[in-house]
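Here is a short briefing to read alongside the sequence and the 3D view. Keep both open and pick out the residues as they come up.

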Amino acid sequence: MKKLILYAALLSIGLTSVPATAEISIGADVVSRYVWRGTDFGDGVSIQPGISYAAGAVEIGAWSSWGLTSNGANENDLYVSYSAGPVSVTVTSYFFPGTNSSEAVGAVEDDPTTEEDETAPGKEAVPVDFFNVDDHIIELTVGFEAGSLSLLGAVNVMGADTDVYLEAGMDLGSVGDAEVGLAVGIGNKVYTSDGDPMLCNIALNVSQGDYFGSYVINPDTKTPYLFIGKSF
């Protein structure tokens, strides 16, 4: 097993040339539903805490989501981000406690010949080890912002299929004391029903003080979502 290799690498990147001034931030969101890039991750309320350390252009952080229902997704991520002007580069390690990470995001398809018996091969729970890199999904993300426009590209580089997600966003400005934005995303493999590239996320995002919400439509699955949240 490969132990601690990923985390040593992430830490060394984050601590290279760190200036004396730094900031630690902690917080949490409570959301009525966890919807991510047009995909539903559960059927109810989730608590999403996070902690980050920022120094200059470098930020190291941990973020997680814990569903309060039996079908809610549990997730615990680590990331390192570097920003240079309008460009940002982020490496994220996705970890899904209690299940196989690849299966959790749909990278491993069920065998169609397997019966629905929970004791059948392929249906048994696969224990995961946080210190085993093979139980993580590593994603490289590049972002770009210019005025009211933003672009994002993400690709899995370890632990799963080469899932790709591309998103364009636009800040639509203020409506009263609320901020409004629009995001449109295209994905393949895990993001779509048949694995082919497809428009999978159209989101109208609204924030007002500590509250935020999104009305999301996934054209691939023809499913709409509406969720709200509050930051603490």
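Which residues make up the largest nonpolar core? Six do: Tyr34, Phe41, Ala73, Tyr94, Phe96 and Ile137. A second core, separate from it, has five residues, among them Val35, Val216, Tyr225 and Phe227. Please bear in mind that this is a predicted model.

**The chain as a whole**
- The secondary structure of the protein chain consists of 14 strands and two helices.
- The protein chain has 232 residues, and 33% of them count as buried.
- About 12900 Å² of the protein chain is exposed, with 62% of that area supplied by carbon and sulfur atoms.
- If you take the contacts between residues at least 6 apart in sequence, 40% of them join residues at least 24 apart.

**Aromatic rings**
- The count of aromatic pairs comes to eight.
- In one of these pairs, the ring centres of Phe95 and Phe130 are 5.3 Å apart and the planes stand at 90°, so the arrangement is edge-to-face.
- Phe95 belongs to the loop between β7 (87-94) and α2 (101-104), while Phe130 belongs to the loop between α2 and β8 (137-146), so their pairing ties together parts that are 35 residues apart in sequence.
- Phe95 counts as buried because its relative accessibility is 6%, under the 20% cut-off.
- Phe130, with a relative accessible area of 29%, is partly exposed.
- Ring pairs also link a cluster made of Tyr34, Trp36, Phe41, Trp63, Tyr94, Tyr165 and Tyr191. Tyr34, Phe41 and Tyr94 from this cluster are also found in the largest nonpolar core.

**A lysine over two rings**
- Lys230 lies over the face of Tyr211, where the distance to the ring centre is 5.3 Å.
- Lys230 also lies over the face of Phe232, at 4.4 Å from that ring's centre.

**Two buried polar residues in strands**
- Is Ser52 buried or exposed? Ser52 counts as buried because its relative accessibility is 14%, under the 20% cut-off.
- Strand β4, which covers residues 46-55, is where you will find Ser52.
- Once neighbours within four places in sequence are set aside, Ser52 is in contact with Glu23, Ile24, Ser25, Glu59, Ile60, Gly61 and Tyr79.
- Thr90 sits in strand β7, and at 15% relative accessibility Thr90 counts as buried too.
- Which side chain does the side chain of Thr90 meet in a polar contact? The partner is the side chain of Ser81, at 3.0 Å.
- Leaving out residues up to four places away in sequence, Thr90 touches Tyr79, Val80, Ser81, Glu139, Leu140 and Thr141.
- Tyr79 is worth finding in the view, as this residue appears among the contacts of Ser52 and among those of Thr90.

**An exposed loop residue**
- Where does Ser193 lie? Look in the loop between β11 (178-187) and β12 (198-208).
- Ser193 counts as exposed because its relative accessibility is 59%, over the 50% cut-off.
- Ser193 and Asp220 are 27 residues apart along the chain, and 6.9 Å separates their C-alpha atoms.

Methods: Residues are numbered from 1 along each chain as its sequence is written. This is a predicted model: local features need pLDDT of at least 70, side-chain atom pairs count only at pLDDT 80 or more; totals for chains, interfaces and linings use all residues. Side-chain values use heavy atoms; hydrogens and water are left out. A nonpolar core is a set of buried Ala, Val, Leu, Ile, Met, Phe, Trp, Tyr and Cys residues joined through side-chain atoms within 4.5 Å. Buried means under 20% relative accessible area, exposed over 50%, partly exposed in between (1.4 Å probe, protein chains only). Helices (H or I, at least four residues) and strands (E, at least two) are DSSP runs, numbered from the N terminus. Contact means heavy atoms within 4.5 Å. Accessible areas come from the Shrake-Rupley method with a 1.4 Å probe; for residues, only the protein chains shown count as cover. Rings of Phe, Tyr and Trp (its six-membered ring) pair if their centres lie within 6.5 Å; planes under 30 degrees apart count as stacked, over 60 as edge-to-face and the rest as tilted. A charge sits over a ring if NZ of Lys or CZ of Arg is within 6 Å of the ring centre and within 35 degrees of the ring normal. A polar contact is a pair of N or O atoms within 3.5 Å; within protein, one must be able to donate a hydrogen and the other to accept it, and residues adjacent in sequence count only if both atoms are side-chain atoms.
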